[in-house]
Amino acid sequence: MNKLTQAKRVQVIAALVEGNSIRATCRMTGVAKGTVLKLLVDLGSACAAYQDRTLRNLTCKRIQCDEIWSFCYAKEKNVPEEMKGKLGIGDVWTWTAIDADTKLIVSYQVGDRSATYARKFIDDLATRLAHRVQLTTDGYKAYLVAIEKAFGSEIDYAMLDKMYTHTGGNGGGPARYSPGACCGAVKKRIKGNPDMEKISTSYVERQNLTMRMSMRRMTRLTNAFSKKVENQAHAVALHFMHYNFARVHQTLRVTPAMEAGIADHVWSLEELAALLDSN
């Protein structure tokens, strides 16, 4: 296989981070599907390694966590009986932690929605923080043990438990695709002394939308999805690398990495592509 030029690499990366599918990227750039997939795998690995090294000793004050659903291979209801229960077949969840002040994605984890992956995710988050923070999650119970094990008493932790109305749909019509309206939220102090006024998951929930718009394989109500969970993880790593280091946040007017003090300029796509050679 011929090696792609730097200019062609940048074209492929630009298409991928703007939410195009693999096949659309092939049509736009003239690059073969296998070559695009190999670039995604190699660059995704390089992005994951770079962020793992760089996102350390962070001076965050407020962290918000959430999980976002997707699927690989087939939707859960369509998974063959002999493949049920295998990681990466059916439902796949991406756990995310965002700094509410800098909008930096501090930690992420691709896996299932089990207590095991909650523990892996929160353990990783704890290793990246320089000092005590205020942490907010939704009401998912798996967070309770994970946060207790990872932080002990060194955390100001609260849950925001939202309540929704029933859509009234019967499996069809517009209501089938519309979430129930939020009709209330209960703030619960779990540990430490969290500021009740700052208990929120708004930023991490907004990041869920950014992910769905920026990764074609996570867009709802389309035929786009990952065939392998490994490719899902590579796409997520590339997305967060671009989001943290190369995409100017509208409200910050700099990138999240610059706001957090771990970068001094907006990364270009050429710099992202150069990770392939430095990894």
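**Exercise 1. The sheet**

Work out in which order the six strands of the open sheet lie, and which strands stand at its edges.

*Solution.* Start with the order. In this predicted model, the six strands of the open sheet follow the order S3-S2-S1-S4-S5-S6, and their pairing is mixed. Next, look at the ends of that row. Strand S3 (105-111) and strand S6 (182-191) each have a single partner strand, so one side of each is left without a neighbour in the sheet. Then follow the turn from strand to strand: the twist averages 20° from one to the next. Finally, see what lies against the sheet. Helix H4 (residues 115-128) packs on it and touches S1, S2, S3 and S4. The direction of H4 makes about 160° with that of S3.

**Exercise 2. Strand S1 and its partners**

Find how S1 pairs with S2 and with S4, and decide whether S1 is largely enclosed.

*Solution.* Take S2 to begin with. S1 and strand S2 (residues 90-99) are antiparallel and share ten bridges. Within this pair, Cys65 faces Ala97 of S2. Now turn to S4. Strand S4 (residues 134-137) runs parallel to S1, and three bridges join them. Here Gln64 is the residue opposite Thr136 in S4. Last comes the burial of S1, which covers residues 62-72. Nine of its eleven residues are buried, so S1 is largely enclosed by the rest of the structure.

**Exercise 3. Two packed helices**

Describe how H1 and H9 pack, using the angle and the distance between their axes.

*Solution.* A pair of packed helices is described by two values, the angle between the axes and the distance between them. For helix H1 (residues 6-17) and helix H9 (residues 269-278), the angle is about 110° and the axes are 9 Å apart. Angles of 65 to 115 degrees count as roughly perpendicular, so H1 is roughly perpendicular to H9. The crossing of H1 past H9 is right-handed. On the H1 side, the contact is made by Gln6, Arg9, Val10, Ile13 and Ala14. H9 brings residues including Leu269, Leu272 and Leu276. Sorted by class, the contact has eight nonpolar, one polar and three charged residues.

**Exercise 4. Leu55**

Is Leu55 buried or exposed, and which residues does it touch?

*Solution.* First place the residue: Leu55 sits in the loop between helix H3 (33-54) and S1. Then check its relative accessible area, which is 3%. Buried means under 20%, so Leu55 is buried. Leaving aside residues up to four places away in sequence, Leu55 touches Leu104, Ile105, Val106, Arg128, Asn244, Phe245 and Ile262.

Notes: Residues numbered from 1 in each chain as written. Predicted model: local features only at pLDDT ≥ 70, side-chain atom pairs only at ≥ 80, totals over all residues. Heavy atoms only, no water. Buried < 20%, exposed > 50% of the residue type's maximum accessible area, 1.4 Å probe, protein only. Helix = DSSP H or I, 4+ residues; strand = E, 2+ residues; numbered from the N terminus. Pairing = 2+ DSSP bridges. Axes fitted to C-alpha atoms, helices over the stretch in contact; angles between N-to-C directions. Parallel < 35°, antiparallel > 145°, perpendicular 65-115°, else oblique. Left-handed = near helix turned anticlockwise from the far one by under 90°. Contact = heavy atoms within 4.5 Å. Nonpolar A, V, L, I, M, F, W, Y, C, P; charged D, E, K, R; others polar.
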